[in-house]
Amino acid sequence: MQTPSFPHESATLTLEGPAGPLELGVDYPDGDAAPRPIIAVICHPLSTEGGSMHNKVVTMVSRALRDLGITTVRFNFRGVGGSAGLYDNGEGEGDDLRAVASWVRSQRPDSALWLAGFSFGAYVSLRQAGALQPQALISIAPPVGRRTWDFSQVQPPSNWLVVQGDADEVVDAQGVYQWLESLDNPPQLVRMPDTSHFFHRKLIDLRGAVQHEVRRWLPDSSS
């Protein structure tokens with residue numbers, strides 16, 4: 001498969017991944033947002049529970065960033081949508097993320113790489129942050145405490161945001177807060193009261209929280 005060029009406008013395309021084709025979507029800023037030299041790669045929730053790059057939290061995070069002038073790349077992990085392969089408990093999915101990030105960096109070497117992820121996608125992006133060295137990382141409802149997923153060796157960047165709902169019925173919110181307090185370099189934390197795992201009726205609040213917190217990390221739009 002020939003490596004696709006980074007598109008000049010929003011598009012869906014296919015990239016050769018470690019387990020076969022990977023389906024991804026590139027979304028440019030809308031409206032009047034001045035474009036910034038940043039590409040944010042966003043990882044979706046658990047594949048075996050219906051997670052995909054079309055998940056509402058994933059698409060809202062994408063919109064929040066695009067409103068700030070950031071170009072986003074959403075993609076389907078192996079075995080989801082048009083992506084080949086089988087679910088691999090985060091290991092192979094980490095390989096998928098590295099392939100997408102490598103493509104972004106080769107195609108857009110002058111743009112900073114940001115990573116974001118929701119739930120399982122937060123785990124995958126956190127696990128790969130040490131190797132990929134993104135300029136910033138956004139973790140939405142990271143599934144801390146799940147025995148199959150090890151958060152002990154993660155190496156997030158200094159620009160790190162965690163957004164967690166207090167009423168999360170899937171992830172133990174108190175476990176997330178206790179884990180963050182144990183870290184030497186804790187992130188910016190936004191606790192959202194009365195908010196479930198999938199941010200039902202809270203997606204607009206999520207967009208505002210992400211935009212408010214990451215704005216300080218933005219380079220000048222004219223650079």
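# A tour of two helix pairs and two pockets

Helices α1 and α5 are oblique to each other, because an angle that is neither under 35 degrees, over 145, nor from 65 to 115 counts as oblique. To see this in the predicted model, select residues 56–66 for α1 and residues 203–214 for α5, whose axes come within 9 Å and cross at roughly 40°. If you turn the view so that one helix lies in front of the other, you are looking at a right-handed crossing.

Next, show the side chains where these two helices meet: on α1 they are K56, V57, M60, V61, R63, A64 and L65, and on α5 they are L203, I204, L206, R207, V210, Q211 and V214. Sorted by class, this contact between α1 and α5 holds 10 nonpolar, 1 polar and 3 charged residues.

Now move to a second pair by selecting helix α2, residues 91–107, together with helix α3, residues 120–132; their axes come within 9 Å, and the crossing angle is roughly 60°. That angle makes α2 oblique to α3, and the crossing of α2 past α3 is right-handed. On the α2 side, colour E91, E93, G94, L97, R98, A101 and R105, and on the α3 side, colour F120, Y123, V124, S125, R127, Q128 and L132, since these are the residues that make the contact. Here the classes come to 6 nonpolar, 3 polar and 5 charged residues.

Leave the helices for the pockets, and begin with the largest pocket, which has a volume of about 210 Å³. Which residues lie nearest the centre of the largest pocket? Select L46, E49, S119, H197 and F198 to find them, bearing in mind that the whole lining has 15 residues. By class, that lining is made up of 8 nonpolar, 5 polar and 2 charged residues.

The last stop is the second largest pocket, which holds about 180 Å³ of space. Its lining can be selected in two stretches of numbering, beginning with V154, P156, P157, S158 and W160, and then adding S182, L183, D184, N185, P186 and P187. When you colour the lining of this second largest pocket by class, you should find 7 nonpolar, 3 polar and 1 charged residues.

Definitions and conventions
Residues are numbered from 1 along each chain as its sequence is written. This is a predicted model: local features need pLDDT of at least 70, side-chain atom pairs count only at pLDDT 80 or more; totals for chains, interfaces and linings use all residues. Side-chain values use heavy atoms; hydrogens and water are left out. On a 1 Å grid over the protein atoms alone, a cavity is a set of points where a 1.4 Å probe fits but cannot get out, and a pocket is an open set with protein on both sides within 12 Å along at least five of seven lines; lining residues have an atom within 4 Å of a point. Grid points are joined across faces, edges and corners, and a volume is the space filled by probe spheres set on the points. Ala, Val, Leu, Ile, Met, Phe, Trp, Tyr, Cys and Pro count as nonpolar, Asp, Glu, Lys and Arg as charged, and the others, Gly among them, as polar. Axes are lines fitted to C-alpha atoms, for helices over the stretch in contact, and angles run from 0 to 180 degrees between N-to-C directions. Helices (H or I, at least four residues) and strands (E, at least two) are DSSP runs, numbered from the N terminus. A crossing is left-handed if the near helix is turned anticlockwise from the far one by less than a right angle, and right-handed if clockwise. Contact means heavy atoms within 4.5 Å.
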